[in-house]
Amino acid sequence: MSDPRTPRPTRNEAPQWQSEDGSLILAKCEDCGEPHYYPRVICPFCSSDNLSWITCSGRGRIYSVSVFRRAEPPYALAYVTLDEGIKMMTNIVDCDLDAIRIDDPVAVVFKDRNGIPTPMFAPVQG
Amino acid sequence: MRTTPTAYIAGAWEHPTRKATDKTLIQLHAENVKGALQDAGLTMQDVDGFFCASDVPGLGAMSITEYLGIRPTYVDNTDTGGSSYVLAVGHVAQAIAEGKCSVAVVTLAGKPRTGRPNKGEGAFFDDPNCPDVPYELPFGHVIPNLYGMCAARHMYEFGTTSEQLAWVKVAASHHAQHNPHAMLRNVVTVEDVLESPMVSDPLHKLDCCVISDGGGALVVVSQEIARSLNRPLVRVRGSGEAIKHLNGGKTDLTFSGAVWSGPKAFEQAGVTPADIKYASIYDSFTITVLMTLEDLGFCKKGEGGKFVADGNLISGVGKLPFNTDGGGLCSNHPANRGGMTKVIEAVRQLRGEAHPAVQVPGCDLALAHGTGGYLGSRHGSATLILERE
Ligand SMILES: [Zn+2]
C-alpha cells in the first residue's frame, strides 16, 4: 500500500497549530477556562465564542499508539496527552518504531506536511 | 410517557453475494428490498416507510424510491456509518408506534471490492468541509490504526492480550464453517491469528473483518401486519443510540458509545444482559467486540479479555453465543458496514432459522449492536433488543 498520508488537495483552511514564534498553540475558552482541540469557533464544553490561543509547553505523553505496518515505510499514529491535559492525534517520529511505548514522554517537532509545519512528537527523556 | 414499541421484524434477507462483479449498486439494493419483502410475504406495493443511509447512490431515499417505484409516507435517511441499519430499526419502531407507517423497508448495499468507493464506504477522510480533516488527515489515520490504538490502550490499562483478542476470531470461524456463503470458512486457532501478518499494532490480519460486496434488507411492520403474516413474530423490544466522539480533546479510548446506547435499550426492554440468549456484536475488528461486550454490561470494564477467551462466544460451547453466521470477521461485512447482517442473524436465531450447528436452543431474546464510523475517533452506536413472541 502506498503512503496514505500523500497530500490530497482540500479546500479547508490551513490548520492552526503554530504561533508566530513557532510554538504549539491550543484554543482556550476564556469563559470556562478549558482548552480544546481541534480548534473551533465555539467552545465544545460551554458553547462560548470568547476564545483565545494559549502557547503549549510542547511536551506530553503518549496516550496510545499503533504502528501501521502495511504502509511503506511503516509509521506510528498516536494520541498524545499534552501537558495542558488535551489529547491530539499525531505521529511519533525520529525514533525506533518498535521501541515506542504508551506513557513515554514526548516533545513536539514540526515536520513539513503538504507545505504546512505539522506537529509531530519525538521521544524525550522523562 | 414511555411508549411500548409494537414493531416487528417480518422480513430479513442477506444478499448471498460477496463479490458483485456483474451487478450495479442500485441493483443490489433492489434485490435486497425484493428479497426481504418476499421473506416477509409482502410486496413492493405494501411499502409505506423507507429507511436508507449514505450507501444509497445519488440523492439517497429520493433516488432509490424512484428506482423502486414507491412513494413512502415515512422516510429516514440517517447515517451513523455501519450502525445505521441497527439504529434504523429503532427509528422505524417509533414511526410505526406513531402511525406514520406500517410496512417499512431498511436497505444496505455496497461494492467495496468491485465498485468505485462511495461515501457510504468510509470515504469521508478527505471531505474538504469536514472540520476534523485538516487536523487528522496529515497523520495517516487509516481505519486499522484507529482501532489499533483502542486495542493498545485497552492492553495498557487492563492487561488485555493478543491471545484474548484472537479468541473472538476463533469463535467467529467456528460459526463460519457452517455458513456456505461465508468468505472465510476455515476454522482458525489462536496461533493462526497471532501468526498472521501484523496490520497495525497490535491488530493482526485475522483481527480484521473481511471486505465484501453485497448487503441485505429488513422489513419492519406494525403488530397488525405482523399477525397477518405467516412468519414468526420477532418483536422490537428495546432500542438505544448514541454518538461518541473525541470530546474536544478530552479523549478516552477505553470505552465505546455502547455504554450509552446499551442501557437505553435494556431499560426500554425491561431486561438485563444476563437475559440475552444470543448477541450479534459489531465485529469490524476483534477489539470492537471485546470492548462492546464490556460496554453493554456482559462483563465488567476491563474483563472483556477474560470473557471472550476459551470459546465463551462459541455457540454450544460458551455462555454467550455471538455472530453465529461468522460475522464480519469471517462471513460478510458488506459495504464496509456490518450493522445489517447483525440484525439479520439475530432474526434468524429468534426464528430458529440459524444453521442447526449454531442455532441457540430456545432462543427467545437476542441483542444486536452496531458500531459505525471509527472506534478510535468518532462513531455511532446502536443497540437493539429483539424478542420472539
Ligand atoms: Zn468554554
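## A bridge between the chains

Let's start at the contact between the two chains: K250(B) pairs with E34(A) in a salt bridge, with 3.0 Å between the closest N and O atoms. Keep in mind that this is a predicted model. The rule turns up two salt bridges across the interface of chain B and chain A, and K250(B) with E34(A) is one pair that forms such a bridge.

## The interface as a whole

How much area is buried between chain B and chain A? The figure comes to about 3500 Å², and carbon and sulfur atoms supply 61% of that. Chain A puts 45 residues into the contact, while chain B puts in 40. Polar contacts are part of the picture too: between chain B and chain A, 20 residue pairs are in polar contact, counting pairs with both residues at pLDDT 80 or more.

On the chain B side, the elements that give two or more residues to the surface touching chain A are helix 4 (133-136), helix 5 (143-158) and strand 5 (198-200). Helix 5 of chain B has the largest share of that side, with eight residues. Sorted by type, the chain B residues that touch chain A come out as 19 nonpolar, 13 polar and eight charged.

## The annotated span in chain B

UniProt, in an unreviewed entry, puts the feature "domain: Thiolase C-terminal" at residues 244-387 of chain B. In the model, that span is 31% helix and 16% strand, and its end C-alpha atoms sit 27 Å apart.

## R235(B) and its partner

Now for a residue inside chain B. R235(B) belongs to strand 8 of chain B, which runs over residues 234-244. Is R235(B) buried or exposed? It counts as buried, because its relative accessibility is 13% and the cut-off for buried is under 20%. The side chain of R235(B) also makes a polar contact of 3.0 Å with the side chain of E389(B).

## S52(A) and its neighbours

Over in chain A, S52(A) is found in strand 3, residues 51-55. Which residues does S52(A) touch, leaving aside those up to four places away in sequence? The list is L26(A), A27(A), K28(A) and E30(A). With E30(A), the side chain of S52(A) shares a polar contact of 2.4 Å.

For a distance along the backbone, take S52(A) and P35(A): they are 17 residues apart along the chain, and their C-alpha atoms are separated by 9.1 Å.

Definitions and conventions. Residues numbered from 1 in each chain as written. Chains lettered and ligands numbered in written order. Predicted model: local features only at pLDDT ≥ 70, side-chain atom pairs only at ≥ 80, totals over all residues. Heavy atoms only, no water. UniProt positions renumbered as here; feature names shortened; annotations may be inferred. Helix = DSSP H or I, 4+ residues; strand = E, 2+ residues; numbered from the N terminus. Buried < 20%, exposed > 50% of the residue type's maximum accessible area, 1.4 Å probe, protein only. Polar contact = N/O pair within 3.5 Å; in protein donor to acceptor, adjacent residues only side chain to side chain. Contact = heavy atoms within 4.5 Å. Buried area = accessible area lost by both parts, 1.4 Å probe. Salt bridge = Lys/Arg side-chain N within 4 Å of Asp/Glu carboxyl O. Nonpolar A, V, L, I, M, F, W, Y, C, P; charged D, E, K, R; others polar.
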